[in-house]
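Thanks for making the time, everyone. I would like to walk you through one protein with its ligand, so please have a look at the sequence and the model before I go on.

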Amino acid sequence: MGKSKAGSEGTVRLERRGAIAWVTIANPPVNALSQAVRAGLAACVEAAIADPDVSLVAIRGDGRNFVAGGDISEFDAPLQPPDMNDVLATIEGSEKPVIACMHGNALGGGLELALACHFRIATPDTRLGLPEVTLGLIPGAGGTRRLPRVVGAEAALRMILDAAPIAAAKAFDIGLIDAVAVDGHEPVCERLAATIDKTTLAERRVGTRALTEVQQAQVAAAIAQARQSVRERWPWSGARRAAIDAVERGLDGSLADALVQERANFDACRVSGEGRALMHMFFAERAATRLPDGDATTQGLSIGTVGVVGAGTMGRGIALAIAGAGVPVQVFESDTGRRDAAHVAIADHFKGQTERGRMNPDAAQAVMSRIVFVDTIAGLASSDLVIEAAFESLPVKLEIFAALDAVVGPDTILATNTSTLDVDAIARATCRPDRVLGLHFFSPANVMRLLEIIRAPGTGAATLRAAAEFARRIGKTGVIVGNAFGFVANRMIFEYQRQGEFLVEEGATPDAVDRALVGFGMPMGPFAMADMAGLDVAWWLRKEVPAMRRADRRQSRLADLLCERGWFGQKTGQGWFRYEPGGRKALPSPETDAVVAAERIRIGIKPRAIAEQEILDRCLFALVNEAARILEAGLAARPGDIDVIYVHGFGFPRWRGGPLKWADDVGVGHVHDVLRDWAARGEAWLEPAPLLARMAREGVGFAQLERKGWIGS
Ligand code: T1G
């Protein structure tokens, strides 16, 4: 599991001002409750309680956050003392009132710390939550015991299962905090220090408090509703089931028993496949735009104004993503008709959003006002970043980049949204190759979070850093990848889909292949996904891009045969599946089956029954094998980057940690052996990549590759 710079150190300061002891947690950047912080917190609270001049202990966080939770990087081993529950027992058992002064993020162990305090206040910006299940964990420091006693079982279970933080105002409404500190923490603490009645402390000790009659009355329904919602929304989430069990056990009985049970459930989650996978994803997402150490010192460029070239589907989607993140964007489109069509399409988009209640009219108007169309490329002259989203033709793009070179400033970053062309060829055609890179958005660009940041050989570190920061700012999950055909996401999906088509040639149906992969956890199967994207897109690529039709690889004609009949998928009502007019439900298509049957005869394949396991092995191990080829070529810096790409780009189940984390769990040796067996049966392209063979030979998993130095070697 990843390590972050947060949590490895951390200190806690104690300073007394008058009768108030201020205990400040300082463990940048998020004040994670590392071992050092837990020890420091215990020492400072004990010292404050022992100080005769102290009448109130106030706990707060340094920097932008209160406390973002337990230190996740410590969870790949048994927790080290001091145990957070012991630290919280000292706080809750104190004879002097302890108040949690929250701001920024108060999440996980941070909120559990606040729940053990006798009073809780938060500035208006505070976000309070127990997001542990997103890590495959459960609250492990009394949250499943204390939260239901403060807000009731129903609200507590909703917070734990949804894992969505709530704002300070909402927290006040449900009784989670005692006050919204609109004028800062100090005035509230000073008032409290002067008026506190120590006799009331006992009832403020939440952990030992009994449920009220009202709270007791809602328990059965709340638990039943919680279990039902997990069955319906998160059937794969063992953590959510474990959290409900802990809450249910903690509703009665002693605090000590409840904490023992909660910790047992927490530890079981911590070592579970789901927990390892989700914690892997947490760190992998944050590492995916990290530059190699040598580049890390490079001062970045700042991106204020952004231009987009092209108002087609991608250009509009990119403009919507940027404007939706609060960044003004100018769109250059030379063709009046396309410019007008874009205006209409954007207005329709927001009309639909407001009519469906997804956006209020004022917010929609604010976003629309950030999108300005210009009719000359000179209109983009003041841009700090220009994203080209024009027709997928190298001559067209070279002409655009030459024109941009002439009008924008010397430090302006020029990005191409190409999905198939050589970013290096485009960069070398400009006078600023160090400021040129690819920003590969996925359609629809205003919805899909993945953004491949394509690093050409000449792309400068400052440019990459600026692009990575820009990706975060517009809510995208950026991943820096190398410049080769298909980059990473499409290169892998091509192999996955090719195996699916081979399986249909050999006897499977599109529906059987899709059902097998949906059963694995994919949101859609390869054939329904292709029908949704439009078969004509890949058809055009196969005709225009030689790399799509390599002679050294088995090719299937099935998709071409469908396209030659004008069957492009959902958009034409017929593709791999059939669709009712205006419908999107994939229905078996006798016409497609007839085309497949005829093709089998033409190529001399006698259809056979194909087991589900074969479908999974060939489609998913093909992904892993292509990823190994990408890593050995150094086109991705780390296996986790590929996991992030595939989870965010194609919905690989996050709770499996992405294809390479999953391959490690399955066993690289097993993956290798299955691929080798298929290669021996004629599937030449399933021959294990040299890197995969080496890993299998030496018993090395993807998680060890960075340390081994085998990436790009
Ligand atoms: N532990 C360790 N490192 C953490 C961390 C954590 N809880 N949270 C963040 N980091 C690192 C992160 O890897 C990155 O490192 C840096 O801090 C900045 O993070 C005991 C068991 C708070 C909303 O799930 O949601 O409490 O890449 O880029 O965008 O019962 O961090 O710089 O080396 O995300 O400003 C529950 C996780 C934990 C919250 C801030 N808490 N964190 O977002 O910064 S389990 C969470 C976040 C727990 C208890 C249970 C976000 C943030 P690096 P960042 P950000």
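Before I talk about domains, I should say that the bounds I use for them come from an automatic or database domain assignment. Please also keep in mind that what you see is a predicted model. With that said, the assignment for the protein chain gives domain 1 as 4–253, domain 2 as 306–483 and domain 3 as 505–607. If we take the C-alpha centres of domain 1 and domain 2, they lie 42 Å apart.

Let me turn to the ligand. How many residues surround the ligand? There are 30, and the closest are Ala 68, Gly 70, Glu 112, Gly 140 and Arg 286. Divided by character, the residues of this shell are 14 nonpolar, 7 polar and 9 charged.

Looking at individual atoms, I would point to three places where the protein meets an oxygen atom of the ligand. Glu 112 brings a polar side-chain atom to 2.5 Å from a ligand oxygen, whereas Gly 140 places a backbone N or O atom 2.7 Å from an oxygen atom of the ligand, and Gly 109 has a backbone N or O atom at 2.8 Å from a ligand oxygen. On its own the ligand has 1000 Å² of accessible area, and the protein covers 85% of that.

Which elements give two or more residues to the shell? They are α3, spanning 109–116, and α12, spanning 273–287, and it is α12 that gives the most, with 3 residues.

Notes. Residues are numbered from 1 along each chain as its sequence is written. This is a predicted model: local features need pLDDT of at least 70, side-chain atom pairs count only at pLDDT 80 or more; totals for chains, interfaces and linings use all residues. Side-chain values use heavy atoms; hydrogens and water are left out. A residue is near a molecule or strand if one of its heavy atoms lies within 4 Å of it. A polar contact is a pair of N or O atoms within 3.5 Å; within protein, one must be able to donate a hydrogen and the other to accept it, and residues adjacent in sequence count only if both atoms are side-chain atoms. Accessible areas come from the Shrake-Rupley method with a 1.4 Å probe; for residues, only the protein chains shown count as cover. Helices (H or I, at least four residues) and strands (E, at least two) are DSSP runs, numbered from the N terminus. Ala, Val, Leu, Ile, Met, Phe, Trp, Tyr, Cys and Pro count as nonpolar, Asp, Glu, Lys and Arg as charged, and the others, Gly among them, as polar.
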